[in-house]
Amino acid sequence: MTTCLKPALVLFMLMTLLTGVIYPLTVSVIAQLAFPFQANGSIVRDGQGQAQGSVLIGQGFISPGYFWSRPSATSPYPYNAAASSGSNLGPSNPALAEAVKQRVAALNGSRPGKVPVDLVTASASGLDPHISPAAAEFQVERVANARNLPVKTVQELVTRHIEPRQLGVLGEPRVNVLLLNRALAGLSGATEGNE
Amino acid sequence: MTLSGLFQIALYLTVLLLLVKPLGGYMARIYLGQPVLLNRVFGRLEVWLYRLSGIDAAAAMSWRQYTVSLLVFNAIGLLAVLALQRLQAGLPLNPQQFPAVSWDSAFNTAASFASNTNWQGYSGETTLSYLTQMLGLSVQNFLSAATGMAVLVALVRGFSARNADTIGNFWVDMTRGTVYILLPLSLVLAPLLVWQGVVQTLSPYQEVRLMEAAEYRQTQADSGTVKTPATGRQTLALGPVAAQVAIKQLGTNGGGFFNVNSAHPFENPTPLANFLELLAILLIPAALCYTFGVMMGDTRQGWLILSAMVLLFVPLLLLTVYFEQQGNPVLSALQVDQSLGGMQTGGNMEGKEVRFGIVNSALWATATTAASNGSVNAMMDSFTPLGGLIPMWLMQLGEVVFGGVGSGLYGMLIFAVIAVFIAGLMIGRTPEYLGKKIEAFEIKMAALVILIPPFLVLGGTAIAVMTDAGKAGLFNPGAHGFSEALYAFSSAGNNNGSAFGGLSANTPFYNGVLGIIMLIARFGLIVPVLAIAGSLAAKKIVPFGQGTLPTHTPLFLLLLIMIVLMVGALTFVPALALGPIAEQLQLMADH
């Protein structure tokens, strides 16, 4: 026991240096040199250079003129990117049924009919940046009406923003809500400018 | 399931199996001490590590020396993680100025990472400093994985040695596993993850101005008042994430940098990142089967074990996809479209991310619970009852379907020992496995390895649901609440780390009980496994005779799979009936 204490202690400290200091710092250097945009959070900026969010982290939208993201279960408010969380509601929990019922009612106010499931269920991270193409489609009319844009224009914008499966194979088709809304704001801005 | 879904699963399994032979062969060379190309890069570092530590790399150890060295080394690791958490407030690299972690949570996390469980009682981005994550958790991700691999290699040496009183040198096995296997693979994977969007920075959290300053109604539970805080800003939690995520997956650790683990877009940003992480999760456990075959001088033995793992894994995977794709019957009654189509994946999307959809969430859930990798990319608590039952049962099978790095295979080899023993009883011969007679001592030790985890799982669950402290942690009502407790103890008692996240586990009760269980499940099994290794090493090798049951045939494959399933089913079906099965029946009755 005592004979192995010294090698254990010294080897542990050397390994800590190797795997806890040298390794992460090496990765940091490679990351900052090769992929500085991604390594620092994939931050997009507005016209004034102000950080407007991360491409990878969802934001909440509430006005009818924007596409809405998925429900988020982070606390104390949705899309809190400093404290990720899912709802953890079980499938049989009455609270889940109640929450979904309210969300469906809110969405049906602007358009009756069945609501795509991802638009009324909380994401795993509470920070999901995407909605399904069906969920974007569902909101086109509302957004077009609120912005006084032709439905066809908004529809085309959505179609352009559908990201296919990665490499044609992996994951699922999806729409990045922040990028779509940025394009939408640009579109409206341009239209207003012309008038 | 769509063609695309099937294709993604097939692609994953194909790439995984194609990597088994090259990596497995390489690892065999590492543990046999044969020269490899990386000697040129790390050879001097390795020698230097031994010299500074005063280690004689040529000296082999008896199983007792090996065990003591391992336990002392891991105890130091546990104390280091504990100390870092308690002292982080006064240490550097704490940009968010987090205070010291509470004693019970710090103990739980230290036990969790030292035992390769990586159960997350804490929430990373609101609790741990960058320094604690790097020096504490990342280091244990490496060392606990290297420890598991070392135990496996020692057991394999027990089978392959003849009349020997030693089973190798723990310091050398641990060092070589880290320096030549885990570190190079992590250095390849981490930059790929950054490329896909995983963050890697030591800068503090970044504040951004939101596109739309949203107001949210917030009801306070105590006073009932309604507040409307304007949240015009968002604080993005950052950190040296990629480096830690790479080893978290490769070492079947699974403890996330962030609270929601690999569901967080900064840990797992794209489907390609998800694919790479999934590969990393099963890569070493699968390849070690081939390593074992090479070290035994009979690769058929390794392929047989790998076949058993794949044959157990694939049907359970497909079932999980199926159940999750069915969606939640409660929502079908509510004007919700859960159908699968070109525009959406549909299914049970509560607690899942759109970029992963059903297939990649279910694949992740089964791969991580088959391996003892506790990471999640979807919230297990919100899975359908039967979709959640399968991951839970995969853990309860003893983490031998791939399992943890090293620990999965040594667990499966113990099941093989039990299998030849049972076959021996049936035909009335002394059982042999890999040329070694299996006798009373081995069977006693093997029985301990098989029985300790169920005892911890069922005993722990029973205590949790009978005490107020245990019941206080349950989040969901009814049968699902019982599932939360059963899942937690299945996870801790088999060193997985996955969770039904609704359970409020960051309490003195759960932190303490689960912490102790994780340590027993890890080291309480390692000691008997090493004892078997020592006992086998001392035996002579019996030549293959007429009464020997060949262990590379389909017959033995079937026998092995049946034994794993029988032990798992007989032990856990009654408990599963009270949780997920009861919940499923309730859902069916209501809708």
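**Aromatic pairs and the A–B interface**

Tutor: In this predicted model, a search of the whole structure finds 21 aromatic pairs over all chains.

Student: Why is the pair of Phe42(B) and Tyr180(B) called edge-to-face?

Tutor: The planes of Phe42(B) and Tyr180(B) stand at 85° and the centres lie 6.4 Å apart. Centres within 6.5 Å make a pair, and planes over 60 degrees apart count as edge-to-face, so both conditions are met. The pair links distant parts of chain B: Phe42(B) belongs to helix 2 (residues 39-53) and Tyr180(B) to helix 7 (residues 170-196), 138 residues apart. Both Phe42(B) and Tyr180(B) are buried.

Student: What makes the pair of Tyr130(B) and Phe257(B) tilted?

Tutor: Its centre-to-centre distance is 6.4 Å, and the planes are 50° apart. That angle is neither under 30 degrees, as stacked would require, nor over 60, as edge-to-face would require, and therefore the pair is tilted.

Student: Why can this pair be said to tie together separate parts of chain B?

Tutor: Tyr130(B) is in helix 6 (residues 130-160), whereas Phe257(B) is in the loop between helix 8 (241-250) and helix 9 (271-296), so the parts joined are 127 residues apart in sequence.

Student: How do you know whether Tyr130(B) is buried or exposed?

Tutor: The relative accessibility of Tyr130(B) is 2%. Buried means under 20%, so Tyr130(B) is buried. Phe257(B), likewise with a relative accessible area of 2%, is buried.

Student: Why is Arg142(A) said to lie over the face of Trp68(A)?

Tutor: Arg142(A) is at 3.6 Å from the ring centre of Trp68(A). The distance limit is within 6 Å, and a position within 35 degrees of the ring normal is also required, so lying over the face implies that both limits are satisfied. Arg147(A) is placed over the face of Tyr66(A), at 4.9 Å from the ring centre.

Student: Which residues form an aromatic cluster with Phe12(A)?

Tutor: Phe12(A) forms one cluster with Tyr66(B), Phe73(B), Phe170(B) and Trp171(B).

Student: How many residues of chain A and chain B are in contact?

Tutor: Contact involves 106 residues of chain A and 118 residues of chain B. About 9,100 Å² is buried between the two chains, with carbon and sulfur atoms giving 68%. On the side of chain A, Tyr23(A), Asn88(A) and Pro91(A) lose the most area to chain B, together 8% of what that side buries.

Student: What polar features occur between chain A and chain B?

Tutor: There are 42 residue pairs in polar contact, while the rule finds zero salt bridges across the interface. Helix 1 of chain A supplies 24 residues, the largest share of the side of chain A that touches chain B.

Terms used. Residues numbered from 1 in each chain as written. Chains lettered and ligands numbered in written order. Predicted model: local features only at pLDDT ≥ 70, side-chain atom pairs only at ≥ 80, totals over all residues. Heavy atoms only, no water. Phe/Tyr/Trp six-rings, centres within 6.5 Å; stacked < 30°, edge-to-face > 60°. Helix = DSSP H or I, 4+ residues; strand = E, 2+ residues; numbered from the N terminus. Buried < 20%, exposed > 50% of the residue type's maximum accessible area, 1.4 Å probe, protein only. Contact = heavy atoms within 4.5 Å. Buried area = accessible area lost by both parts, 1.4 Å probe. Salt bridge = Lys/Arg side-chain N within 4 Å of Asp/Glu carboxyl O. Polar contact = N/O pair within 3.5 Å; in protein donor to acceptor, adjacent residues only side chain to side chain.
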